[in-house]
Amino acid sequence: MAEEGDLLHVVTDDEISPRRAALGRVLVWGSAGIVAISFLVVWIAKQGTIGLDAPNWRPVLYAYLFFGICLGVAQVVQRGEQGKRTLFILPAVLFVIAMVIFPLIFALGIAFSDWNLASPEGRQFNGWDNVRQMWGDPFYWNALKNMVYYTAAILVEYAIAFGLALILASEIRARKFFRVAFLMPLMLSPVAVSWMVGKSMLEIRFGPLARLARWLGWESPSFFGSPEVARFMIMAMDAWTFIPFMMIMLLAGLQAIPRELNEAAEVDGAGKWRSFWEVTFPLMLPVSITAILIRIIFKLKLADIIINVTAGGPGGATDSVTSFIFREYRDRSNVGYGTLLAIVYLVLIVIAITVFMKAVDRWMNPRY
Amino acid sequence: MAEVTSTQIFRDSEADLAHKAKWFTGRVVIYGILIFWTVVCLFPIYWTITTSFKLAPDVMKGNMIPWVDYVPQWRGWKSLGLSPDTIGTESTVRAEFLKRFMNSAITAVSSSALAVILGSMAAYGLSRFRYRFGFMRNPDISFFFLSQLILPPVVLALPFLVLYKELALLDTRIGLILLYTLTVLPIVIWIMQDQFRSIPVELEEAALVDGLSVWGAFLTIILPIALPGMVAAFILSLVLTWNEYFFAALLTSTDAKTLPVMVASQTGSQGINWWSMAALSASAIIPLIVIGIVLERYIIKGMASGAVK
């Protein structure tokens, strides 16, 4: 959006007296001071030198809440009408800062330390040890490699979702029924899916899919025995839950294409196949890219199914980064190393997504 | 004259008949695909629900159709204390199950509500006013919110474990609600921004001329119009938070444990005790299946917004 100024333009004459402005400043700095003081008091109490006893850091949390309220009030006091507009986004901003920015900074601190939550020593700063350990950790690299495979599977999911969306957008009967039926897998919790599909339907003796496999001629089906098959099964289960998601987005895109365009193509003598590739598909590119991008983002969080079905096995072959860190923490309860792995993962994701978006941008808007 | 009437004027040419046959096979293929995919989507649900009424021999023989292949039994639901004959009696399993169920419901509903409130306000502000926080302009603030989407939960998980321990929020519903709100907030903001952009500014201008304040116009004029979008965002958040497992598994242990964690912990311990697992899984998915069938319109609306600009 290029325009300057508010979309909703309001002319107000707020006379902010100097005293009112000063009151606002007092509110902001005063409450900020309370946060600082509460932080200091708890910190000192935690050292245990003085008689004060602080069970936890809750007071700081309350002080932050109080600071947030004061900041909001001060906005109105200090800036009048303009301040009331800030109130729209201020709660969300404060919330995200408290819940993301602060923990991320904190995470950087723990990433470079050896911190076993079970041991009484507490946090031990250990410099680059975690990085060195990560460098030599074949399981982590393996998990990263798996993430590449899992992400690549999105292309297949996309093709299936596109096909289904095309059928749903064409003239069929009982469209609503099929739409609801196709949406169902998305509503199911991955944990339930792990049991429903991974543990019971794929059970090698009695599971219906195992029976089907035997009937089709696979003598002794084993779905999680070999790394390749196990990885494929995880991909299939994850695809099963998320294909509806892409399908709905693509369907919305298809329905937004004016019918005249395809009719015009038909009049010009293009067959179904050609009008798809030369009219529908190019028009669907922006929607497709949004759908794929969101799907990638969801895929990068993939963990629930892996944790519950294979627990990373056989031999870490199905591990995603998230499930690997989860187990790493479960087994050794070491927060430091896990956090470092997660932060490296985040950095890689940010780089990959940026490159992807730049490439898409370059490709969609070529500069000659 | 007679000759003319006797010849058939309208008749299908060879080409037209071929076209019809082709059209017919096309239909068969399309409905074949549709039915195949319906089976793929619905069979696991059917399997889970029917298995919860089976006994061990039925499972082993691979009986599929109730009343034809096997006689449905309440065995699975009995083990949860939810069958007709046990529903009146005391049951520790049912108490446990209901506790988890309520935990899931409370966290999902409150965090979705909180996210919709925070997100709608922020999205409205971003779609109507120009802000400047230091170097951050509107697109930057918008990006600041939406970029939370690419943050994988695992990055926050362990720091939150430590922070919550220090704040005594570990294993509390409040802690989980705050975290869930964070995970769905970007999605809500995305949907709501789209909603508010489609509402003409003239509406508020008229309201302001009539003497309402900015907030008055937002609450009394805009929110009712944007309500379908808010419902869509709420339902979508509800689905995501109800199903969330990763944070719940790490941050809760006894008090605030949610339903997915309970399902997951049973998977390991009960082995082949299929009927009770099936009953448990079924009861975990049934609320969302109902929501999916009843509110399908809103879910689709929520997911489609943003796809089409």
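Here are four short exercises on this predicted model, each with a worked solution. Residues are numbered from 1 along each chain as its sequence is written, and chains are lettered from A in the order in which they are written. Local features need pLDDT of at least 70 and side-chain atom pairs count only at pLDDT 80 or more, while totals for chains, interfaces and linings use all residues.

**Exercise 1.** Work out what secondary structure chain B has, and how its radius of gyration sits against that of a compact globule.

Step 1: Go through the DSSP runs, where a helix is H or I over at least four residues and a strand is E over at least two, numbered from the N terminus. Chain B gives 14 helices and 0 strands.

Step 2: Take the radius of gyration over C-alpha atoms; the globule rule is 2.2 Å times the number of residues to the power 0.38. For 309 residues a compact globule would come out near 19 Å, but chain B has 27 Å.

Step 3: Add the box: along the principal axes, the C-alpha atoms of chain B fill roughly 95 × 70 × 35 Å.

**Exercise 2.** Find how many residues each chain puts into the contact between A and B.

Step 1: Call two residues in contact if their C-beta atoms, placed from the backbone, lie within 7 Å. Chain A then brings 79 residues and chain B brings 81.

Step 2: On the chain A side, helix H3 (residues 81-111) gives the most, with 14 residues.

Step 3: Sort that side by class (Ala, Val, Leu, Ile, Met, Phe, Trp, Tyr, Cys and Pro are nonpolar; Asp, Glu, Lys and Arg charged; the others, Gly among them, polar). You get 60 nonpolar, 10 polar and 9 charged residues.

**Exercise 3.** Describe how helix H7 of chain A meets helix H2 of chain B.

Step 1: Fit lines to the C-alpha atoms over the stretch in contact, with angles from 0 to 180 degrees between N-to-C directions. The axes of H7(A) (residues 190-201) and H2(B) (residues 14-51) come within 10 Å and cross at roughly 75 degrees.

Step 2: Name the geometry: H7(A) is roughly perpendicular to H2(B), a label for 65 to 115 degrees, with under 35 roughly parallel, over 145 roughly antiparallel and the rest oblique.

Step 3: List the residues. Met196(A), Val197(A), Ser200(A) and Met201(A) meet Pro44(B), Trp47(B), Thr48(B) and Thr51(B). That's 5 nonpolar, 3 polar and no charged residues.

**Exercise 4.** Which residues does Val188(B) touch, leaving aside its neighbours within four places in sequence?

Step 1: Set those neighbours aside and look for contacts of Val188(B).

Step 2: The list is Ala115(B), Val116(B), Gly119(B), Ala233(B) and Ser237(B).
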